[in-house]
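Trainee: Could you take me through one part of this model up close? I would like to see how it sits among its surroundings, and then what lies around it.

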Amino acid sequence: MAAIFVDNLTKSFNGFKALDSVSFEVGEGEIFGLLGPNGAGKTTAIKILVTLLRPSSGNVKVAGYDVVREADKVRRKIGVVFQEPTLDLELTAKENLDFHGRLYGMSREERRKRIAEVLELTGIKERADTLVKNFSGGMQRRLEIARGVLHEPEILFLDEPTLGLDVQTRRKIWDYIENLKKKGVTVVLTTHYIEEAEKLCDRVAIIDLGKIIALDTPERLKSYVGQLLTIEVEGSISACSISNAKIRDSVIEMSVENGEEAIPEVVRKLQSEGIKIKSVSLRKPTLEDVFVSLTGRKIRESGEEWKFWLRMRRR
Amino acid sequence: MRELQGIYVLWLRDIKRYLRARSRVLGSLGMPFFFLIFFSLGFRRAQIPSLSLKYTDFLAPGIIAMIILFTSVFSGISVVWDRQFGFLREIMVAPIGRTSIAIGRILGGATTAVIQGWIMLIASLAIGFSPLLSGLLPATLFMVLMAVAFTGVGIAFSTLMRDFHGFQIIINFFVFPVFLLSGAIFPIEELGNLAFFAMFNPMSYGVDGIRWSLTGYTEISPVYDFLVLGIFSASLVLIASYLFKRTEV
Ligand SMILES: Nc1ncnc2c1ncn2[C@@H]1O[C@H](COP(=O)(O)OP(=O)(O)OP(=O)(O)O)[C@@H](O)[C@H]1O
Ligand SMILES: [Mg+2]
């Protein structure tokens, strides 16, 4: 049985379709990624899966239960880390965790053990008794993650989990997520960190303007675009005999299925046209390239995520 | 069992936050306490035809009811804060029913309101109020009913608000009229034609019930007070839970 089943899901806000006929399934124990630019509909999808928003139409099941009719059963199976802050600022970190543990029916002993574990995991042990309103943005984010995994849910939803975290903490979280997978936990995460999606996810759905435009393992998605071959030539040229080449002044770019085999052939062709080659470079594609090749746009300008995070915190 | 645990946790959170916010607690007691001091001073020699009681003894229960009204409506509305700071989402995905969430909030808000009422009761002793000791228990019962009802009102308001823009409107066009039309400061009878409206004001019954308990003086009747407040608070628990169920976050 699939852990998550989404069939023809549409969500409209006053006529605007934030999600448009989206369908996918997530298997038990799988790490599934939703990758897409701002406003693609990732958070909307997560909110529907965790029973906070009702679908406009379509069929959505989590752990075998319908998210509308059996919402309370779904809630017993899941853990969520939201994109936006959801902590009680007037309580300490530990109190936030303890509150969560009690809400999820954990015994005193379980709570004590798990709270210590997640504080360790997220590296906020020393600040456990500090009021959350005195936490920095990154520390609050870590606490959100600690809380989301506290009760060891069967299915975990992470909406941009590592947004605004330093590299070290991010690594630690990634390791933890990979460990969860070994325990059979199903994870759905949204991200715009290409690296995060590639490293963690078994399968990735690329989502844009409310639609899934591609869904596969990271490797297969990347094989769609092939490898990127960039050739720098002397002088500037306007045409060459290679059919799928993009030419900008003195740079020729093309995508090839197998770079190592293609290079000699391409070089020979260009030389026979009298073009002098300065350098050749071959680059393995990233999921960013996949997105660009599908939409002609970038997922997110780099550096923007920090501004985004700050804007959110300031509300 | 799980639901009870959920209700308890939400209640506990309200109490923790209340105990922690000492300055806010004192602040909210300030205005009613000054009302109490200066009104009882200013009107101590005034002749109110329909009043056979020392004015301080008349006023003190009214001020106790006032602090309960304000505290409980505010703590109900504070759900809007939880929505704005996102904490509501943490609660809404937890495996407890929406009704339990509403009840937990109502009980938490009501408890803090009743504590505030008691603080005011004790403070009023300092300005010469001498309540009937036998009335402390029934007075507390009326305080609880009032607090439950008006926390429910606050929660109902909160589900209709997206942010705090409507807050001022609720204070000026709900809380104050309810307070002034309740017989808290002067007898309902003195309201003339408006006395009719006071009979539709649940707060009037709370004021009268608390006053009857603490002084023996009543304008309505304690039995009516109890029945009206009981029905009102029960319906508000239902209405607040219902509205809460429909909110999306
Ligand atoms: N409550 C709402 N009312 C109206 N429009 C909404 C609402 N929530 C989301 N939207 C719109 O739906 C679209 C998808 O939003 P969503 O938050 O799901 O995007 P996202 O993929 O999570 O983006 P980001 O990377 O910025 O988090 C956006 O255009 C957004 O403006
Ligand atoms: Mg989002």
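Mentor: Happy to. In α3(A), the buried residues are Ala93(A), Glu95(A), Asn96(A), Leu97(A), Asp98(A), Phe99(A), His100(A), Gly101(A), Arg102(A) and Leu103(A). That makes α3(A) a mostly covered helix, with 10 of its 11 residues buried. Bear in mind that this is a predicted model. What do these buried residues of α3(A) pack against? Within chain A they meet α4 (108-122) and α5 (137-150), and from chain B they meet α1 (2-20) and α5 (87-92). Just after the helix, Gly105(A) takes a positive phi of about 70 degrees.

Now step back along the chain to the loop between β6 (78-81) and α3 (93-103) of chain A, where Gln83(A) sits. Gln83(A) gives its OE1 to the magnesium ion (ligand 2), and the other protein donor is OG1 of Thr43(A); the two lie 1.8 to 2.0 Å from the ion. Thr43(A) belongs to helix α1 (residues 42-49) of chain A, so this pair, 40 residues apart, links distant parts of the chain. Both Thr43(A) and Gln83(A) are buried.

Following α1(A) leads us to a sheet. This is an open sheet of 4 strands, ordered β2-β1-β4-β5 (chain A) and paired antiparallel. Its edge strands are β2 (16-26) and β5 (65-66) of chain A, each pairing on one side only. α1(A) packs on the sheet and touches β1 (4-13), β2 and β4 of chain A, with its direction at about 120 degrees to that of β1(A). At the β5(A) edge, β4 (residues 57-62) of chain A pairs with β5(A) in the antiparallel sense over 2 bridges. There, Val62(A) stands opposite Tyr65(A) in β5(A).

Two loop residues are worth a look for their backbone angles. Thr51(A) lies in the loop between α1 and β4 of chain A, and its phi is near 75 degrees, a positive value in a residue other than glycine. Thr51(A) counts as buried because its relative accessibility is 8%, under the 20% limit. Glu152(A) is in the loop between α5 and β7 (155-159) of chain A, and its phi, near 50 degrees, is also positive in a residue other than glycine. With a relative accessible area of 48%, Glu152(A) is partly exposed.

Chain A has another open sheet to compare, with 4 strands in the order β12-β13-β11-β14 and antiparallel pairing. β12 (246-248) and β14 (277-283) of chain A stand at the edges with a single partner strand each, so one side of each has no neighbour in the sheet. From one strand to the next, the twist averages 20 degrees. Strand β11 (residues 227-233) of chain A runs antiparallel to β14(A), joined to it by 6 bridges, and Ile231(A) stands opposite Val280(A) in β14(A).

Finally, a helix pair in chain B. The axes of α7 (residues 136-160) and α10 (residues 202-215) of chain B come within 7 Å and cross at roughly 165 degrees. Angles over 145 degrees count as roughly antiparallel, so α7(B) is roughly antiparallel to α10(B). Their crossing is left-handed. The residues in contact include Phe142(B), Met146(B) and Phe150(B) of α7(B), and Gly206(B), Ile210(B) and Trp212(B) of α10(B).

Definitions and conventions:
Residues are numbered from 1 along each chain as its sequence is written. Chains are lettered from A and ligands numbered from 1 in the order in which they are written. This is a predicted model: local features need pLDDT of at least 70, side-chain atom pairs count only at pLDDT 80 or more; totals for chains, interfaces and linings use all residues. Side-chain values use heavy atoms; hydrogens and water are left out. Donors are N, O and S atoms within 2.8 Å of the metal (3.2 Å for Na, K and Ca); water is not among the atoms, so sites may look incomplete. Buried means under 20% relative accessible area, exposed over 50%, partly exposed in between (1.4 Å probe, protein chains only). Two strands pair if DSSP finds at least two bridges between them. Contact means heavy atoms within 4.5 Å. Axes are lines fitted to C-alpha atoms, for helices over the stretch in contact, and angles run from 0 to 180 degrees between N-to-C directions. Angles under 35 degrees count as roughly parallel, over 145 as roughly antiparallel, 65 to 115 as roughly perpendicular and the rest as oblique. A crossing is left-handed if the near helix is turned anticlockwise from the far one by less than a right angle, and right-handed if clockwise.
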